[in-house]
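Grab a pencil and work through a few short exercises on the structure below. Try each task yourself before you read its solution.

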Amino acid sequence: MRFMVMVKATADSEAGVMPSEQLLAEMGRFNEELVKAGVMLSGEGLHPSAKGARVRFAGRDRTVVDGPFAETKELVAGFWIWQCASMQEAIDWVKRCPNPMPGESEIEIRRIFEADDFGEAFTPELREQEDRLRDELARKAASQ
């Protein structure tokens, strides 16, 4: 099972306050543990929402809304993609994580859909297309 593990934004992260050298070192050690255990597939921090945009859909219409966005507690400041045997394993790893922000912070864990989760609607043709796209992405990543 794959999981997206999201570090929720705080007022500091939205203000562009960068992590301390100590926190970067602690997170580096934690990420190293994740990689060695075969859990971490990827992970990145995100710029504040002031540098982002949202695209709202209404039928065929598209409206672009520039950041910053309200409700900091609903924003994501960074993420990992993890491969774990269960939700409980992902929770156990998160509990070992250094506090990602000064003060209080929150990390959300969400399971990523896999092909089999879509049932019969995910036809053999759609599965073939998905496999082809994943292979292409892997080739591009390997060549970089």
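## Exercise 1: A loop with two oddities

Pro68 lies in the loop between strand 4 (61–66) and strand 5. Keep in mind that this is a predicted model.

Task: find out what kind of peptide bond joins Gly67 and Pro68, and what is unusual about the phi of Glu71.

Solution.
- Step 1: start at the bond between Gly67 and Pro68, where omega is about 10°, so to speak the mark of a cis peptide bond.
- Step 2: move on to Glu71, which sits in the loop between strand 4 and strand 5.
- Step 3: look at the backbone of Glu71, where phi is positive, about 55°, even though this residue is not a glycine.
- Step 4: set this against the general rule: most residues other than glycine have a negative phi, and most peptide bonds are trans.
- Step 5: check the surroundings of Glu71; its relative accessibility is 48%, so it counts as partly exposed, since that class runs between 20% and 50%.

## Exercise 2: A nonpolar patch outside

Task: decide whether Phe57 is buried or exposed, and say which residues form a nonpolar patch with it on the surface.

Solution.
- Step 1: locate Phe57 in strand 3, which covers residues 53–58.
- Step 2: compare its value with the cut-off: exposed means over 50% relative accessible area, and Phe57 has 59%, so it counts as exposed.
- Step 3: add the partners; Val55 and Val64 make up the patch together with Phe57, and the three have about 320 Å² of accessible area together.

## Exercise 3: The largest pocket

Task: work out how many residues line the largest pocket and which helix gives the most to that lining.

Solution.
- Step 1: begin with the space itself, a volume of about 750 Å³.
- Step 2: go to the lining, which has 29 residues; Pro19, Gly45, Ala77, Pro100 and Met101 are the ones nearest the centre of the pocket.
- Step 3: sort the lining by class, and you get 16 nonpolar, ten polar and three charged residues.
- Step 4: trace the elements involved: helix 1 (11–14), helix 2 (21–36), strand 2 (40–45) and strand 5 (76–83) each bring at least two residues.
- Step 5: pick the top contributor, helix 2, with five residues.

## Exercise 4: The whole chain

Task: say how many helices and strands the protein has, and in what pattern they follow each other.

Solution.
- Step 1: count four helices and six strands.
- Step 2: read along the sequence to get β-α-α-β-β-β-β-α-β-α.
- Step 3: finish with burial: 26% of the 144 residues count as buried.

Note on methods
Residues are numbered from 1 along each chain as its sequence is written. This is a predicted model: local features need pLDDT of at least 70, side-chain atom pairs count only at pLDDT 80 or more; totals for chains, interfaces and linings use all residues. Side-chain values use heavy atoms; hydrogens and water are left out. Patches are made of residues with over 30% relative accessible area and no salt bridge: like charges are joined within 9 Å, nonpolar side chains (Val, Leu, Ile, Met, Phe, Trp, Tyr) within 5 Å. Accessible areas come from the Shrake-Rupley method with a 1.4 Å probe; for residues, only the protein chains shown count as cover. A salt bridge is a side-chain nitrogen of Lys or Arg within 4 Å of a carboxyl oxygen of Asp or Glu. Buried means under 20% relative accessible area, exposed over 50%, partly exposed in between (1.4 Å probe, protein chains only). On a 1 Å grid over the protein atoms alone, a cavity is a set of points where a 1.4 Å probe fits but cannot get out, and a pocket is an open set with protein on both sides within 12 Å along at least five of seven lines; lining residues have an atom within 4 Å of a point. Grid points are joined across faces, edges and corners, and a volume is the space filled by probe spheres set on the points. Ala, Val, Leu, Ile, Met, Phe, Trp, Tyr, Cys and Pro count as nonpolar, Asp, Glu, Lys and Arg as charged, and the others, Gly among them, as polar.
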